[in-house]
Amino acid sequence: MDAIPLALDGYLVSEAEPGVHEDTASWRLTCSVGTDHLVEEAVIPCTTMQPQIAHALLTERQPGDLLRVTGHLVLPDTADGCIRLDADSLEVLWEAPLLDLDDDAEAGAMTTSGTHTDRSTAIAVLAEALTGLGQITPGPGQSIRIHLSPAGPLGFGVEHCHSITLSPTLAHRLADYIDALNCQSDRPDTVLLDPDTVADLTDLFDAIDLTALTSTVLNASRPEHRPAVTRALDDVFGNAPGPDDLDP
């Protein structure tokens, strides 16, 4: 079967391994939405016979790095065979922080904590929502790629990494949703008042004599300030009587 030209963005699952032949390497990528040939998320085996790529994978790259691999997807000849991507070029999109032994121990402990379980769940829910948005009929223009991953070292969180493609039109819609969410978050939670309280407040405000209130405020203001005070009352109540309309 002919190989399929393909470019994949994905996270390096674990350290690359030397190939059978010299100057070759094999590794695995965790990939998300982005091609019709793959399910929504999958781990794709990759190989290369390019010496510079093999050297980079074996000596420079570490688990958690976000890579763009371009090459040819080779499909198996039998139903129980495995697909693989033969890489011709490699681009590093994002480098994971360097890990040491202390980081390894800390990261291992982090994966068992409730806080990080909540974070992983939140990432999965957000990725699902963005993936659903990206499946809407795309608009014109080039696509936009959004990468989601846990903050901090990624070597132990690769399974929680996602890559979602959106059109510019959908990106604008997403921005509008975020703006609306920000506006709602600035408002206090709705407080439901007792009906009797609402009735008492209604009676209280209905009993206010705006003319008398305006007269009291203006009489307490210095003459030179009364025009400004009148305009301020107008803004609050509308059509507040002017200084000449009230008895001194």
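These entries follow what I looked up in a predicted model, from its overall make-up to its nonpolar cores.

I number residues from 1 along each chain as its sequence is written. In this predicted model, local features need pLDDT of at least 70 and side-chain atom pairs count only at pLDDT 80 or more, while totals for chains, interfaces and linings use all residues; side-chain values use heavy atoms, with hydrogens and water left out.

Overall: I find seven helices and eight strands in the protein, taken as DSSP runs numbered from the N terminus (helices H or I, at least four residues; strands E, at least two). Of its 248 residues, 28% count as buried, meaning under 20% relative accessible area with a 1.4 Å probe, protein chains only.

Helix α1: I looked up residues 51-59 and noted that Ile53, Ala54, Ala56 and Leu57 are buried. Seen down the axis of α1, these buried residues fall within an arc of 165° (directions from the helix axis to the C-beta atoms), so they line one face of the helix. They pack against β1 (4-12), β3 (25-31), β4 (42-48), β5 (66-74) and β6 (84-94).

Cores: the largest nonpolar core (buried Ala, Val, Leu, Ile, Met, Phe, Trp, Tyr and Cys residues joined through side-chain atoms within 4.5 Å) has 18 residues, and Leu57 and Trp27 are among those with the most contacts inside it. I see that β1, β3, β4, α1, β5 and β6 each supply at least two residues of this core, and that its largest share, four residues, comes from β3. Apart from this core lies another, of nine residues, among them Ala127, Leu130, Leu133 and Leu148.

Methods:
Buried means under 20% relative accessible area, exposed over 50%, partly exposed in between (1.4 Å probe, protein chains only). Contact means heavy atoms within 4.5 Å.
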